[in-house]
Each structure stands twice: as C-alpha cells, then as structure tokens.
Amino acid sequence: MLDKKQIECACGGRAGEFFTDFHGFKVRGWKCRKCREEFLDPRGVAPILKLNKLIKENALKTKIGVVGNSMTLRIPKPLAEAYNLHKGEVVDYVLEKEGFMVKAEA
Ligand SMILES: [Zn+2]
C-alpha cells in the first residue's frame, strides 16, 4: 500500500499521492479526491514525531567524542531520519555567531 501512487479511501473514492508540510518537514501522503481526507505516510511521519518528542523532553543533546585528532558528534537517529541523512553523505558546516549548523549538500 505504502508505495502506491493511489490508494482506496474508506469512502469508496481514490486517494492520490501528494506532499504536504508536517511540523516543518515535507512528507508524502494520499488525499482522497472524493471526501478530501488525507493519509500521511507513517514512514515519513514517525521520525518527525520521535524528533519532536526528543525536543520536547530536551533530550536532543549529544556529547563531543574524539577520533584521532578530530572531534566527533553523533547525530541521533530520529534527527538523521527526519532530515534524510545517510552514512557517507557529505555535509557542510554553516558558521554562525552562537555556534554552527550542519547542512546537507543540495
Ligand atoms: Zn474518501
């Protein structure tokens, strides 16, 4: 069901694939053409809900580690999933006054 471009709605209508904003993230879903009900892809929603829980619990923290001469930061799994980051991906540091941001290359 989750990889289909269209799914059947409980109303008997057909729901077509669409993308929408969910807590600031673009997620995939299906919108019924008949009753307008929206179904969001749980695979896209779950990491965002986990990430929001970590933020709410003030648990989105990490310790600086050391590997050789470099310092390392671990990226929590829900954060990586919400931002679609993968092992081996190259990211940029964006330097700001209060700290730095890690940004995926476009
Ligand atoms: Zn419907």
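Hi everyone. Let me begin with a definition: a residue is called buried if 20 or more other C-beta atoms lie within 10 Å of its own, and exposed if 12 or fewer do. With that in hand, here is the first number for today's chain, which is a predicted model: of its 106 residues, 5% count as buried.

Let's go from the whole chain down to single residues. The protein chain has two helices and eight strands. Walking along the sequence, you meet them in the pattern β-β-β-β-α-β-β-α-β-β. The radius of gyration is 18 Å, whereas the globule rule gives 13 Å for 106 residues, so the chain is more spread out than a compact globule. The C-alpha trace fits that picture, spanning about 60 × 30 × 25 Å along its principal axes. As for contacts, take those between residues at least 6 apart in sequence: 21% of them join residues at least 24 apart.

Now to the sheet I'd like to spend most of my time on. What is the order of its strands? The order is β1-β2-β3-β4, in an open sheet of four strands with antiparallel pairing. β1 and β4 stand at the edges with a single partner strand each, so one side of each has no neighbour in the sheet. From one strand to the next, the twist averages 45 degrees. Helix α1 packs on this sheet and touches β2, β3 and β4, and its direction makes about 140 degrees with that of β3.

Let me take the strand pairs one at a time. As a reminder, strands of a sheet pair through backbone hydrogen bonds, either parallel or antiparallel.

We start with β1, residues 6-8, which is joined to β2 by three bridges and runs antiparallel to that strand. If you want a residue pair to look for on screen, glutamine 6 has glycine 16 of β2 as its bridge partner. The two strands form a hairpin with five residues between them, and glycine 12 in that turn has a positive phi of about 100 degrees.

Next come β2, residues 14-22, and β3, residues 25-32, which pair in the antiparallel sense over eight bridges. Glycine 16 turns up again here, with lysine 31 in β3 as its bridge partner. Aspartate 21 is partnered with lysine 26 of β3. This hairpin has two residues between its strands.

Then there is β4, residues 38-40, joined to β3 by three bridges and again antiparallel. Here glycine 29 is the bridge partner of leucine 40 in β4. β3 and β4 also make a hairpin, with five residues between them, and arginine 36 in the turn has a positive phi of about 70 degrees.

On to the helix that packs on the sheet. How far apart are the end C-alpha atoms of α1? They are 20 Å apart, and this agrees with the 21 Å that its 15 residues, 42-56, should span at 1.5 Å a residue.

To finish, three residues in loops. Cysteine 11 sits in the loop between β1 and β2. Is cysteine 11 buried or exposed? Its C-beta has 12 neighbours inside 10 Å, so cysteine 11 counts as exposed. Leaving out residues up to four places away in sequence, cysteine 11 touches Cys32, Lys34 and Cys35. The C-alpha atoms of cysteine 11 and glutamate 37 are separated by 9.2 Å, although these residues are 26 apart along the chain.

Histidine 23 lies in the loop between β2 and β3. Its phi is near 55 degrees, a positive value in a residue other than glycine. Histidine 23 also has 12 C-beta neighbours inside 10 Å and therefore counts as exposed.

The third residue is asparagine 58, which comes just after α1, in the loop between α1 and β5. Asparagine 58 is not a glycine either, yet its phi is positive at about 55 degrees. With 7 C-beta neighbours inside 10 Å, asparagine 58 counts as exposed.

So, to recap: an open antiparallel sheet of four strands, with α1 packed on it, in a chain where 5% of the residues count as buried. Thanks for listening!

How values were computed
Residues are numbered from 1 along each chain as its sequence is written. This is a predicted model: local features need pLDDT of at least 70, side-chain atom pairs count only at pLDDT 80 or more; totals for chains, interfaces and linings use all residues. The expected span of a helix is 1.5 Å times one less than its number of residues. Two strands pair if DSSP finds at least two bridges between them. The radius of gyration is taken over C-alpha atoms; the globule rule is 2.2 Å times the number of residues to the power 0.38. Two residues are in contact if their C-beta atoms, placed from the backbone, lie within 7 Å. Axes are lines fitted to C-alpha atoms, for helices over the stretch in contact, and angles run from 0 to 180 degrees between N-to-C directions.
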